[in-house]
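Here's a quick briefing to read alongside the coordinates. Have the viewer open and follow along by topic.

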Amino acid sequence: MIISTTWLSEYVSLPESTAALVERLLLSGLNHESTRRVGEDTAVEIEVTSNRPDCLGHIGVAREVAVLFDRPLRVPDPRPREADESAADAITVEIVAPEVCPHYTARVIRGVKVGPSPRWLVDRLATVGVASVNNVVDVTNYVMLECGQPLHAFDMAAIRGGRIVVRQAIPGELFTAINHKDYALAAGMGVIADAVGPVALAGVMGGAGSEISAATSDVLLESAQFAPLAVRAAARGLVLASPSSYRFERGPDPAAVDYASRRAAALIEELAGGRVLRGAVTAGQLAAGGATIVLRHARVGEVLGIEVSAERQREILSGLGFEAQAADATTSRWRSPSWRRDCWREIDLVEEIARIEGYDRVPENVPIATRTVPESPRGRTLRRCSEVLVAQGLCEAMTRSVVGQPLEETASPWSAAPPLVCQPPLVRGADRLRRTLLPSLLEARAGNLAVGADTPDLFETARAYLARPAGTPAATPIEEPLLAAFVIGGAFARGKGLLEAVLVRLGLAPSSAAATFRPVTLDLFAPGRAAEVVLVAGSSAGERIGVVGEVAADVLERFGLKGPVVAAELRLDRLEAWADVERKLERPSDFPAIDRDVNLVVGETVPWGDVAAAIRTGAGALLEDCRLEQVWTDADRLGAGKKSFVVALRLRSAAGTLSGAEAKQAVDRVVEECGRRCGATLRA
Amino acid sequence: MAIEAFIAELVSFRAAAEAALGVVVDSAGLEQARVEFLGARSGRLKDIQKLLGGLATADKPAGGRHFNEAKAAVTSLFATAHERLGCGRRAAADARAIDVTLPGDPVRLGHVHPITQTIRQVQEIMARLGFEIADGPEVEDQWHNFEALAIPAEHPARDPLDNFYLAVARGADPLLLRSQTSTVQIRVMEARRPPLRIVSLGRVYRPDTADATHYPMFHQVEGLLVERGTTMAHLKSVLRQLASSFLGGDVHVRFRPSFFPFTEPSVEFDMEWGGRWIEMGGAGMVDPAVLAAVGYDPDEFSGFAFGLGVERIAARRYGVADIRDFYRNDVRFLRQF
């Protein structure tokens with residue numbers, strides 16, 4: 001909303017400094033956008049929140065100024081001179097769709113002389129950025145910008161059949177607007193029709209066929225109430241927002257329907273001549289505002305934390321147009337003005353008092369009672385995970401939650417259900433809620449390499465969104481697993497090592513056997529080069545909580561990446577319980593350790609995991625550490641189909657110094673157990 | 001001068017030098033001894049050398065021989081002492097000295113995203129003020145995203161063009177990506193009774209066209225306090241503590257009236273930063289209708305809520321002119337924070 005200070009000063013005397021004016025308005029609810037000189041005038045652009053349509057006209061802003069600076073408000077009271085001829089004889093008005101238009105009024109002015117507007121009118125409109133058209137159209141714009149009620153003037157000669165019908169648009173109905181563009185209308189939009197067809201799009205824009213021209217002699221002046229939803233449907237649906245639709249979407253002052261009609265008729269007669277026919281032709285019921293509200297004066301202090309005297313409270317409300325109906329020592333009863341439909345409860349009056357009294361009075365140093373807050377398991381899990389990955393040189397990425405089909409066609413490790421789809425797309429082509437973060441990170445890696453950024457090892461912690469499996473009740477919430485994912489250069493072992501480090505930091509030691517790695521087949525990963533992490537709790541079969549693997553060649557190619565690239569994803573939401581587990585010290589033994597290397601030969605297909613488990617069983621409590629030093633194959637020395645694990649064992653007792661004999665017994669048990677379970681033999 | 005007297009001088013010179021160098025304990029003492037006995041300008045050996053000229057011509061070869069022997073002996077004694085004191089080893093080590101300006105072995109550290117850093121910082125400050133973290137879903141229903149927040153069906157904020165609605169089966173309750181983190185407040189208030197101090201944070205979604213200051217996905221931090229006797233003065237004081245801790249120093253807060261459906265009174269709050277008022281976010285007293293919707297008595301409990309756009313304050317703090325940079329994931333950007 002742009003305000004002309006010259007225009008505004010017609011209703012209230014303004015403070016000398018425009019800067020002081022805008023500062024005060026800014027602190028009472030009308031945000032300042034800009035101030036600039038226009039000729040002799042000053043244009044002040046203010047931001048009006050959607051609950052204050054009363055400030056979409058100069059009088060409304062003047063009322064604020066009057067209260068803020070304690071000055072009288074002068075509002076014109078137009079009384080057009082009316083001819084004997086009755087408007088009702090010239091036009092009939094019918095509302096077929098009250099849901100679109102609760103109330104409609106029409107006035108008729110005959111014998112106008114359409115021509116240029118006087119200087120003062122042209123100048124005021126120019127200050128607020130409205131181009132002058134002619135004296136009749138300028139008056140309708142002027143009155144709208146004065147009191148906030150949009151008006152429309154029709155050339156009476158173009159209204160066929162002498163009747164106005166307000167109805168819903170017929171789907172597909174064509175309408176040529178005043179901007180000379182054609183629109184196909186839809187149900188839910190309102191039209192003003194004559195005996196033949198639409199002449200205006202209700203509350204949005206007039207029609208080209210009935211616009212005021214130099215040839216116009218008789219004018220039909222429309223002032224009406226249009227329903228916000230119907231106006232919004234038309235303005236949005238046709239991408240045809242106008243100053244009129246902007247105001248109707250917010251709901252102008254119901255009392256201004258009649259006021260604006262009288263004001264415009266009087267001004268047209270004054271500036272363009274002609275005779276104003278007697279009365280206005282009306283249809284429907286005016287939906288009037290106004291609520292009765294009881295204010296407990298003590299409530300103001302209870303909400304604001306400052307004392308405002310009851311007398312001052314009453315003074316502010318009266319100044320804003322609230323009508324005092326009754327009062328006693330502690331309460332007062334008020335009727336809210338028609339233009340303040342946002343005020344209908346006690347708390348609304350408290351806010352009015354607060355913004356006029358000024359929030360600068362509210363203190364900013366009252367004591368706040370302290371309370372202690374522990375870190376949440378989720379916060380701790382996220383922090384620990386991020387600590388490990390950052391320490392290892394990874395940068396945290398943030399990618400979009402909603403992705404396009406090319407990223408979504410990679411299957412998710414977490415759900416086989418198709419992705420959820422949103423409308424509109426988040427960005428062009430991206431309308432699928434992602435079920436894994438990995439494709440987004442692959443894309444981010446490719447983007448980095450394309451701009452020549454080196455070592456773009458990235459991780460992200462974010463949610464995925466999993467549709468309800470078929471057959472689950474509709475009330476089941478959408479599952480949103482919290483994931484941590486990373487994509488880095490390197491082979492499987494690098495990814496697995498990093499993933500294990502995260503698991504350890506979250507409290508899942510690899511030897512705890514709670515989390516085990518198993519081969520997995522997923523189309524994101526190269527065949528035979530990926531694992532899932534399974535969390536075994538109690539006797540359950542185990543749940544997949546992570547995946548790690550080398551990215552498949554065709555996937556790399558799709559993203560324009562060169563391998564090897566390893567990727568992993570972890571369900572952090574399943575690991576929060578572990579982050580909470582308290583640690584207890586295991587005191588290191590003071591006795592010396594004995595190191596023994598064993599060289600175990602097994603069949604080529606035997607996984608290390610099986611051998612490691614056998615070693616742990618065999619060595620029992622004496623085993624402090626078991627490290628795989630080397631894996632090698634040599635058909636000549638080991639035999640075909642065989643491989644060798646060179647393992648360094650560290651044995652130690654908490655109870656005393658181990659003897660060589662005890663160490664040998666332990667190693668013998670290891671060899672025996674590995675032989676029994678994995679067919680291993682000791683290589684001398 | 002007689003040759004015997006000359007030789008006697010050399011003997012006493014050697015004895016004195018031997019005694020002195022034998023008791024030297026540090027390099028300063030060694031240097032002092034060197035100057036006294038072997039100094040090129042006024043050392044004692046130099047003085048004896050001058051006496052050489054006073055010998056008879058026939059005695060000169062023998063005198064020179066004795067002189068050289070004494071000189072070599074004392075020089076050797078000096079070297080021995082030098083070695084004993086470790087000066088020699090240090091000299092040898094000096095020969096293997098490194099160029100200390102050469103680069104160290106590189107260590108590549110990773111970086112936490114600046115948005116996460118900003119969120120964590122606000123979270124930590126709020127934790128010190130007793131606000132615990134609350135979490136809620138990003139895919140929300142109409143009740144939590146709108147109705148409980150006093151946003152009725154005809155409100156423009158519910159327009160399909162202004163939200164990311166999910167395609168769901170006909171007849172099912174519409175779901176959408178949450179447009180604000182206030183949804184979490186409702187969920188917490190539904191589940192618990194006051195006193196409450198929570199901070200919720202995370203991704204929110206609004207269909208804005210991406211430009212330098214808008215992105216259809218962004219982060220909000222939102223605080224809620226519901227306790228008996230809460231006033232706007234408490235709100236302003238909490239925001240001032242947040243501002244002072246976040247920006248450093250004693251920062252002031254300013255309220256400007258505004259409008260949000262779920263708070264009344266509603267304000268925008270500004271913080272004074274670099275001599276200017278900077279818009280930080282929206283706030284207000286929890287609307288009585290919202291308290292009633294979750295089953296609280298608005299006359300018994302009152303509360304405040306506030307929200308901050310994380311991208312906006314992070315952009316200002318780090319001098320990021322285009323918020324789309326936060327989502328480009330260029331490591332050359334990420335490594336600067």
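The notes below go from each chain as a whole to the contact between them, and then to one sheet.

This is a predicted model, so keep that in mind throughout. Chain A has 684 residues, and chain B has 337. Chain A is more spread out than a compact globule, because its radius of gyration is 40 Å while the globule rule gives 26 Å for its length. Chain B comes out at 43 Å, where a compact globule of 337 residues would be near 20 Å.

**Chain A overall**

- The domain assignment splits chain A into domain 1 (2–68), domain 2 (82–284), domain 3 (292–361), domain 4 (377–468 + 477–579) and domain 5 (594–682).
- Domain 4 of chain A is written as two stretches, 377–468 and 477–579.
- If you compare the C-alpha centres of domain 3 and domain 4 of chain A, they turn out to be 56 Å apart.
- On secondary structure, chain A carries 21 helices and 33 strands.
- Along the principal axes, a box of roughly 125 × 60 × 50 Å holds the C-alpha atoms of chain A.
- As for burial, 45% of the residues in chain A count as buried.
- Looking at contacts in chain A with a separation of 6 or more, 71% come from residues 24 or more positions apart.

**Chain B overall**

- Chain B gets two domains from the assignment: domain 1 (3–95) and domain 2 (114–334).
- The C-alpha centres of domain 1 and domain 2 of chain B are separated by 88 Å.
- You'll find twelve helices and ten strands in chain B.
- The C-alpha trace of chain B spans about 135 × 45 × 35 Å along its principal axes.
- Buried residues account for 38% of chain B.
- In chain B, 63% of the contacts between residues at least 6 apart in sequence join residues at least 24 apart.

**Where the chains meet**

- The contact uses 72 residues from chain A and 65 residues from chain B.
- On the chain B side, helix α9 (residues 232–247) gives the most, with seven residues.
- Sorted by class, that side of chain B has 38 nonpolar, twelve polar and 15 charged residues.
- There's also strand pairing across the chains: β22 (residues 422–423) of chain A and β3 (residues 165–166) of chain B run antiparallel and are joined by two bridges.
- To find that pairing in the viewer, look for A:Gln423, which stands opposite B:Tyr165 in β3(B).

**A three-stranded sheet in chain A**

- Strands of a sheet pair through backbone hydrogen bonds, either parallel or antiparallel.
- One open sheet in chain A has three strands in the order β1-β3-β2, with antiparallel pairing.
- The edge strands are β1 (2–4) and β2 (31–38) of chain A; each has a single partner strand, so one side of each has no neighbour in the sheet.
- On average, neighbouring strands of this sheet are turned by 25° against each other, direction ignored.
- Between β2(A) and β3 (residues 41–47) of chain A there are seven bridges, and the two strands run antiparallel.
- A handy marker is A:Thr35, whose bridge partner in β3(A) is A:Val44.
- Helix α5 (residues 119–127) of chain A lies across β1, β2 and β3 of chain A, at about 40° to β3(A).

Technical notes: Residues are numbered from 1 along each chain as its sequence is written. Chains are lettered from A and ligands numbered from 1 in the order in which they are written. This is a predicted model: local features need pLDDT of at least 70, side-chain atom pairs count only at pLDDT 80 or more; totals for chains, interfaces and linings use all residues. Domain bounds come from an automatic or database domain assignment. Helices (H or I, at least four residues) and strands (E, at least two) are DSSP runs, numbered from the N terminus. The radius of gyration is taken over C-alpha atoms; the globule rule is 2.2 Å times the number of residues to the power 0.38. A residue is buried if 20 or more other C-beta atoms lie within 10 Å of its own, exposed if 12 or fewer, and partly exposed in between; C-beta atoms are placed from the backbone. Two residues are in contact if their C-beta atoms, placed from the backbone, lie within 7 Å. Ala, Val, Leu, Ile, Met, Phe, Trp, Tyr, Cys and Pro count as nonpolar, Asp, Glu, Lys and Arg as charged, and the others, Gly among them, as polar. Two strands pair if DSSP finds at least two bridges between them. Axes are lines fitted to C-alpha atoms, for helices over the stretch in contact, and angles run from 0 to 180 degrees between N-to-C directions.
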